[in-house]
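Reader: I would like a close look at a single part of this model, taken slowly and residue by residue where that helps. Please begin with one pairing and build the surroundings outward from there.

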Amino acid sequence: MNALLEKYKALTEREQKLVLISGVVVVIAIFYFAIWSPLNNALSQQQKLLDNQQSLLVWVKDSAARAKQLRRVSGTSQGFSGSLPQAVNRTVAKHDIAISRMQPQNDELQIWVDQAPFNNVLEWLKTMESMGVVILQADITSADAEGFIKIRRLRLGKA
């Protein structure tokens, strides 16, 4: 440290001012790039994450409220009575859905559809639920044509 101080004192007054100003600039640059900028970036990222989490929380609360409402509505509806395959055959004809395979199992029914319009399937499922049929399991994927879906497996049961 003494050697540096001796070299500093050996400089002219103008060079000493230049070294001081350069030192201050270097200290400010180190502070900015090593401390301030990383903290500011981390704070921005955490703020974005917080905003995303709050949006997700709002969505989850809305969905939970809707699920509770749907449970109350479906709890007050009558249970389905009758033949599940017959009800499915009646309703799919109205909604223009072609079932490729149907397999009854006890009080349940498994259905496969190769290709059907997405909106028609939604309306059909709403109709089935309004009749008291519950969806136990659904494996649905997009079909080759736009706006169409493929039901790999749909398990329906009586409420």
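Author: In this predicted model, a convenient place to begin is Ile111, which stands opposite Leu154 in strand 4. The pairing to which this belongs is that of strand 2 with strand 4, which run antiparallel and are joined over 7 bridges. Leu154 also has a partner in Ala138, which stands opposite this residue of strand 4. Strand 3 and strand 4 (residues 148–158) are likewise antiparallel, and 9 bridges join them. Another position in that pairing is given by Val134, whose bridge partner in strand 4 is Gly157.

From here the whole sheet can be laid out. It is an open sheet of 4 strands in the order 1-2-4-3, with antiparallel pairing. Its edges are strand 1 (101–105) and strand 3 (133–142), each of which pairs on one side only. On average, and with direction ignored, neighbouring strands of this sheet are turned by 15° against each other. As general background, the strands of a sheet are paired through backbone hydrogen bonds, in either a parallel or an antiparallel sense.

At the strand 1 edge, strand 1 and strand 2 pair in the antiparallel sense over 5 bridges, and one of the residue pairs is Gln105 with its bridge partner Glu108 in strand 2. These two strands form a hairpin with 2 residues between them. Asn106 lies in the loop between strand 1 and strand 2, and its phi is near 55°, a positive value in a residue other than glycine. For comparison, most residues other than glycine have a negative phi. Asn106 has a relative accessible area of 84% and is therefore classed as exposed, the cut-off for that class being over 50%.

Strand 3 and strand 4 form a hairpin as well, here with 5 residues between them, and Gly147 in the turn has a positive phi of about 85°. A further positive phi, of about 55°, belongs to Asp96, which is not a glycine. Asp96 is found in the loop between helix 3 and strand 1, and it counts as exposed because its relative accessibility is 60%.

The next layer of the picture is the pair of helices that lie across the strands. Helix 3 (residues 84–94) lies across strand 1, strand 2 (108–117), strand 3 and strand 4, and runs at about 15° to strand 2. Helix 4 (residues 118–130) lies across strand 2, strand 3 and strand 4, and runs at about 5° to strand 4. The strands that carry Ile111 and Leu154 are thus among those that both helices lie across.

How do these two helices meet? In general terms, two packed helices are described by the angle between their axes and the distance between those axes. Helix 3 and helix 4 pack at an angle of about 140°, with their axes 10 Å apart. They are therefore oblique to each other, since an angle has to be over 145 degrees to count as roughly antiparallel. The crossing of helix 3 and helix 4 is right-handed. On the helix 3 side the contact is made by Ala87, Val88, Thr91 and Val92, and on the helix 4 side by Trp124, Thr127 and Met128.

Another residue placed in helix 4 is Leu122. With a relative accessibility of 37%, Leu122 counts as partly exposed, because that class covers values between the buried limit of under 20% and the exposed limit of over 50%. Leu122 and Asp139 are 17 residues apart in sequence, and their C-alpha atoms are 14 Å apart in space.

Finally, there is the part of the chain that comes earlier in the numbering. Helix 2 spans residues 13–76 and contains Asn52, which counts as exposed because its relative accessibility is 52%. The C-alpha atoms of Asn52 and Ala3 are separated by 56 Å, with these positions 49 residues apart along the chain. The unreviewed UniProt entry places a "transmembrane region" at residues 18–39; this is an annotation from the record, and such annotations may be inferred rather than shown by experiment. In the model, the chain over residues 18–39 is 100% helix and 0% strand, with the end C-alpha atoms 30 Å apart.

How values were computed. Residues are numbered from 1 along each chain as its sequence is written. This is a predicted model: local features need pLDDT of at least 70, side-chain atom pairs count only at pLDDT 80 or more; totals for chains, interfaces and linings use all residues. Side-chain values use heavy atoms; hydrogens and water are left out. Buried means under 20% relative accessible area, exposed over 50%, partly exposed in between (1.4 Å probe, protein chains only). Two strands pair if DSSP finds at least two bridges between them. Axes are lines fitted to C-alpha atoms, for helices over the stretch in contact, and angles run from 0 to 180 degrees between N-to-C directions. Contact means heavy atoms within 4.5 Å. Angles under 35 degrees count as roughly parallel, over 145 as roughly antiparallel, 65 to 115 as roughly perpendicular and the rest as oblique. A crossing is left-handed if the near helix is turned anticlockwise from the far one by less than a right angle, and right-handed if clockwise.
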